Amino acid sequence: MTARFRIGIDLGGTKIEAAAVDRLGVVRVRRRIAAPTGNYRATIEAIAALVRAIEQQIGETVSVGIGMPGTISPITGLVKNANSTWLIGRPLQRDLESTLGRPARLANDANCFALSEATDGAAAGMETVFGVILGTGVGGGIVMGGRILVGANAIAGEWGHNPLPWPRPDEIPGPACYCGRSGCVETFLSGPGLAADHRHYGGRHLSPPEIADLAARGDAECGATLGRYIDRLARGLALVINLIDPDVIVLGGGLSGISALYERVPLLWGRYVFSDNVVTRLLPPVHGDSSGVRGAAWLWRAEEAE
Ligand SMILES: [Zn+2]
């Protein structure tokens, strides 16, 4: 008999969200706790407690998928590239599996977002999908034919730490990035990057939604900042289109709520894409904040979730 539910966990830096997702993709049970920031052992225990609580509620033991910051190194089996630094170098998968007493699947959180939107969201039924997280950081994930493209180094789709393409003179070398380089896409296109750019050009301390709001109401300074952001996003995504040529690009994360992006970015990216026409569509997410847990649950396909 096939299980009615799959459990998806969204392991974030400040919160851990868990959900039981039914066979139609509907989130039936949802729990959210503050992440035990900085404490690896407590993170394992917190995830296990969430799984136990949900399984008690749904009355069955089911498959568990986990969306995480960074990824599991295919070489060492240890966490790498996580901005939740207390996870780095830890055998997260092995420890979770031994605590849960069953196999668990883990994937990068941007990959889970892309999988959720490609399975039954904004990009449902599309062959090649690029999912982008524009939030505190910038991440990306590729889904082809309904499956995550993981890659030999488990970094496929990692877009945020490439240099911003076609840089203008005042974008070189660009802001310093925590990865040790300068001018990374993330330093321009993350929420903090947008806010810092506004201040760099003499603007006040404003949050990205405030900047977008004021720009929409005709504020010239905020309009200029948003214009720079849109041109940079168009350049960054043009590079992705040149490389994997997706049918759909879905935006997620806090900045995906800026509606001007969906209209104005595709008007600009044609200048940079190596093609006479660009049919790639840029779309907002359908599942919003639920994409993390949904994509994590989908790491187990229905026929495997028994
Ligand atoms: Zn970087």
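Which elements do the buried residues of α8 pack against? Keep that in mind as you open this predicted model; the tour begins at that helix.

**Stop 1: helix α8**

Select residues 260-269, which make up α8. Show side chains for L261, Y262, V265, L268 and W269, the buried residues of the helix. Now look down the axis of α8: these buried residues fall within an arc of 145°, so they line one face of the helix. Turn to the other side and you will find E263 and L267, both exposed. To settle the opening question, add α7 (220-244), β11 (248-252) and β12 (281-283) to your selection; the buried residues of α8 pack against these elements.

**Stop 2: the nonpolar core**

Next, highlight L134, W159, L233, L237 and W269. Within the largest nonpolar core, which has 37 residues, these touch the most other members. Colour the elements that give two or more residues to this core: β8 (128-134), β9 (138-144), α4 (185-189), α6 (208-216), α7, β11 and α8. The greatest share comes from α7, with ten residues.

For a close-up, centre on L233. Setting aside neighbours within four places in sequence, L233 contacts L134, W159, L189, L251, L261 and V265. Two of those names may look familiar from the first stop: L261 and V265 are among the buried residues of α8.

Then zoom out, since another core of 33 residues lies apart from this one. Pick A18, I47, V64 and L92 to locate it; they are among its members.

**Stop 3: the sheet**

Switch to a cartoon view and follow the open sheet of five strands in the order β10-β9-β8-β11-β12, where the pairing is mixed. At the edges sit β10 (147-148) and β12, each pairing on one side only. Further in, select β8 and β11, which pair in the parallel sense over five bridges. Click on G131 and look across to V250 in β11, which stands opposite.

**Stop 4: the zinc site**

Finally, select the zinc ion. Which protein atoms serve as its donors? They are ND1 of H161 and the SG atoms of C177, C179 and C184, lying 2.1 to 2.3 Å from the ion. Along the chain, the donors follow the spacing H-x15-C-x1-C-x4-C. Try your angle tool here: the four donor atoms make angles of 102 to 120°, and the site is tetrahedral. For comparison, the ideal angle for four tetrahedral donors is 109.5 degrees.

Before leaving, switch on a surface around two of the cysteines. C177 counts as buried because its relative accessibility is 11%, and C184 is buried too, with a relative accessible area of 1%.

Notes
Residues are numbered from 1 along each chain as its sequence is written. This is a predicted model: local features need pLDDT of at least 70, side-chain atom pairs count only at pLDDT 80 or more; totals for chains, interfaces and linings use all residues. Side-chain values use heavy atoms; hydrogens and water are left out. Buried means under 20% relative accessible area, exposed over 50%, partly exposed in between (1.4 Å probe, protein chains only). Helices (H or I, at least four residues) and strands (E, at least two) are DSSP runs, numbered from the N terminus. The arc is that of the directions from the helix axis to the C-beta atoms. Contact means heavy atoms within 4.5 Å. Donors are N, O and S atoms within 2.8 Å of the metal (3.2 Å for Na, K and Ca); water is not among the atoms, so sites may look incomplete. Four donors count as tetrahedral if all angles lie between 85 and 135 degrees; four count as square planar and six as octahedral if opposite donors are over 155 degrees apart and all others between 65 and 115; anything else is irregular. A nonpolar core is a set of buried Ala, Val, Leu, Ile, Met, Phe, Trp, Tyr and Cys residues joined through side-chain atoms within 4.5 Å. Two strands pair if DSSP finds at least two bridges between them.
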